[in-house]
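Student: I have a structure open and would like to learn how to read it. Can we go through it feature by feature?

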Amino acid sequence: MSITLRLAWRNLWRQPRRTWLTAGAMVFSNVLLIFLIALQLGTYQAMIDNTLGAFSGHLQVQRSGYKENQRIRQVVPRIRDVAEELRSGLGLNSVAARGEAFALASSASRTYGIRIIGVEPEFEPRASRIPSLVNAGRFLDDPVAPEIVVGEILALNLKAQVGDELTILGSARDGSFAAAVVNIVGVFDSGLDELDRSLAQMPLEFFQETFAMNGAGHAVVINAPGLFEVESVAEKANSLLPRGQNLVVHDWNDLQPGLRQAIQADLIGSWFMYGILVILVMFSVLNTQLMSVLERTKEFGIVLSLGLSSGRLGRLVLLETVLIGLIGLALGVALGGIATSWFETHGFTYPGMEEMAQQFNVPDRFYPDLNAISLFAGPVVVFAGSVLAAIYPMARLHWLRPVQAMRSA
Amino acid sequence: MNSVRCADLRKTYKQGDQDVIGLDGVSLEVEQEGFVCLRSPSGAGKTTLLNAMGGLDRPDSGEVYVAGKRIDNLSKGKLAEMRLRNIGFVFQAYNLIPVLTAMENVEFVMHLQGVPAPERAKRAGEALNEVGLEGLENRRPAKMSGGQQQRVAVARAIVSRPAIVLADEPTANLDSSSARHLMALFARINETRGTTFVIATHDEMVMSYAKRLIRMRDGKIVEDQLQET
Ligand SMILES: Nc1ncnc2c1ncn2[C@@H]1O[C@H](COP(=O)(O)OP(=O)(O)OP(=O)(O)O)[C@@H](O)[C@H]1O
Ligand SMILES: [Mg+2]
């Protein structure tokens, strides 16, 4: 071991309590940062999965312009074939074709405007969560039957329940009247009020017949295996689309523009908080290193007299901070990693969270997401900040003269 | 050639708005293999003079030469370099780095000089033997007596074979028998290695070892005489 390193290391343990306090502050903030950042990433993941998974999916293939102006004539022709080609081309089952229309739905006593989605009963359960959220009756199972599932609030508003009939009235693709009488076979509760209030699903083929779609639909929903794969799946899907029909692939950010903005706003708020934490650690390092430099002034006077350059002395002091920083980093990452990975499997909740969860459609348990970023981002910044904080005490040594140092009491 | 030569050194310190005289026109030549004692009442400028000779502090005016080279106008870094190569220091107290063992303390200066590790160990071992500390190589300063600590400081001062060792009241914190031992050691090194010593002291016993005794007062040399030992 080099003598400088030996010297720095032993100097740390001249005041073991102080060294541990400083390292402890680093460990504490590192554990906290790891946990909070992992929790944050995990929550975003859940927010995205929840919001997208309920209905809109990661990606949708649509006619260009349909997203901005949802007119029934902006179609994807032969939509079930397009979906089938995407399924086999992407090697993914989580691909489902849909048609969408606005219509009036009348029960025995009420009438409401609703958004009707024609879905493939076989594939829709793999592409979105609504089929699994049916809590009364069942989901659609027959591709051509005159059946419908409706959101819970809509059912309440219509004063209708499973087994009742609804009359659907709207305008078809060709401008003619679209009318049908359908049976309510299920009621779903997605937790998203917007969907529960206005959404209804019927079999795609029956939808196409009712709205004179002539085999066309409006969107093919694609769910990638995970968020990180969305981009590559989108590229591949793009290459698989039939040419010349003006089709585009929208990603989730196009489909739910508010989501990314909400996440970004939340990120800014938390960076601010993390910044304060790091600054507190920096001040604690600054304080201890300044103290430790001041109380060794006489000793430094001696080594400067011997011919140690002040630059080298400064590096020695910096090395001491680097060593404490490394202790803080190693212990912080270890403890933070262990604690966070426990919560990663068991989940994290606190009193009152369940109510909030219901209200805002977030899960009632948060699962931190421990990965290279959540594990190292905080500790590395704390380390860098600590070393930065030691620069001032180090710089002071530059102006220290041996004689004046030795004369200091 | 002289090992150290000073010409008309002057230094005033500012204490508040008062000027305090440190050195008031000191000229001095220290011969090679000399063994010089500086004596004076307290505050007459001994430490100031030693610091100027050793390049620890700059005089306001005058010139200092060490081994024939002018040093009073060197930059801070060059001065540090010069001290490292040419001068050994022994101070009154707190000479050693507390977290290093006797051996490591002695090796430290050689480390700064870039002496390779095996050579360092060998020379440090020899120097510690020379000052009579064999067996204590791995002790830390806190576990050594004041006399032993001063001996480590001497070993460190001589290990890189400097032309001159400057010692500022090296016995002030020692009991009389340790002090005697230390002076005998200085005298022997002066004898065997030809190292020049300049020692500031208030101690009559120390002065009795000097080949040359210089008396200072108010920043001036007032008496300079050779003496038989
Ligand atoms: N850094 C300083 N600032 C102000 N005054 C100083 C400083 N260093 C020395 N002096 C003053 O300069 C004068 C000479 O001091 P110096 O330390 O050289 O004397 P000395 O002979 O070594 O004294 P002592 O025997 O007490 O060690 C004294 O009056 C001292 O107070
Ligand atoms: Mg003095």
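## Reading the helix pair

Tutor: Yes. Keep in mind that this is a predicted model. Start with a helix contact in chain B. From α3(B), the residues Ala102(B), Met103(B), Val106(B), Glu107(B), Met110(B) and His111(B) take part. They meet Arg120(B), Ala121(B), Arg123(B), Ala124(B), Ala127(B) and Leu128(B) of α4(B).

Student: What classes of residue make up the contact of α3(B) with α4(B)?

Tutor: Eight are nonpolar, one is polar and three are charged.

Student: How are two packed helices described?

Tutor: By two values: the angle between their axes and the distance between the axes. Here α3 spans residues 102–113 of chain B, and α4 spans residues 117–130 of chain B. They pack at an angle of about 125°, and their axes are 9 Å apart.

Student: Why are α3(B) and α4(B) called oblique to each other?

Tutor: Look at the cut-offs. Roughly perpendicular ends at 115 degrees, and roughly antiparallel means over 145. The angle of about 125° fits neither class, so the two helices are oblique to each other. As for handedness, α3(B) passes α4(B) in a right-handed crossing.

Student: Now the ligand. Which residues come nearest to ligand 1?

Tutor: Tyr13(B), Ser42(B), Lys46(B), Thr47(B) and Thr48(B), out of 13 residues around ligand 1. Next, ask which chains take part. Residues from chains A and B surround ligand 1, so the site is shared between chains.

Student: Which elements give two or more residues to the shell around ligand 1?

Tutor: They are β1 (2–15), β2 (18–31) and α1 (46–53), of chain B. With three residues, α1(B) gives the most. By class, the shell holds three nonpolar, eight polar and two charged residues.

Student: How many residues does each chain bring to the contact between chains A and B?

Tutor: Chain B brings 21 residues and chain A brings 16. On the side of chain B, α2 (76–86) and α3 are the elements that give two or more residues. The largest share is from α3(B), with six residues. That side has 12 nonpolar, four polar and five charged residues.

Student: Last, the whole of chain A. What is its radius of gyration, and what would a compact globule have?

Tutor: Chain A has 31 Å, while a compact globule of 409 residues would have a value near 22 Å. Along the principal axes, its C-alpha atoms fill a box of roughly 100 × 50 × 30 Å. Its secondary structure comes to 16 helices and 10 strands.

Key
Residues are numbered from 1 along each chain as its sequence is written. Chains are lettered from A and ligands numbered from 1 in the order in which they are written. This is a predicted model: local features need pLDDT of at least 70, side-chain atom pairs count only at pLDDT 80 or more; totals for chains, interfaces and linings use all residues. Axes are lines fitted to C-alpha atoms, for helices over the stretch in contact, and angles run from 0 to 180 degrees between N-to-C directions. Helices (H or I, at least four residues) and strands (E, at least two) are DSSP runs, numbered from the N terminus. Angles under 35 degrees count as roughly parallel, over 145 as roughly antiparallel, 65 to 115 as roughly perpendicular and the rest as oblique. A crossing is left-handed if the near helix is turned anticlockwise from the far one by less than a right angle, and right-handed if clockwise. Two residues are in contact if their C-beta atoms, placed from the backbone, lie within 7 Å. Ala, Val, Leu, Ile, Met, Phe, Trp, Tyr, Cys and Pro count as nonpolar, Asp, Glu, Lys and Arg as charged, and the others, Gly among them, as polar. A residue is near a molecule or strand if its C-beta atom, placed from the backbone, lies within 6 Å of it. The radius of gyration is taken over C-alpha atoms; the globule rule is 2.2 Å times the number of residues to the power 0.38.
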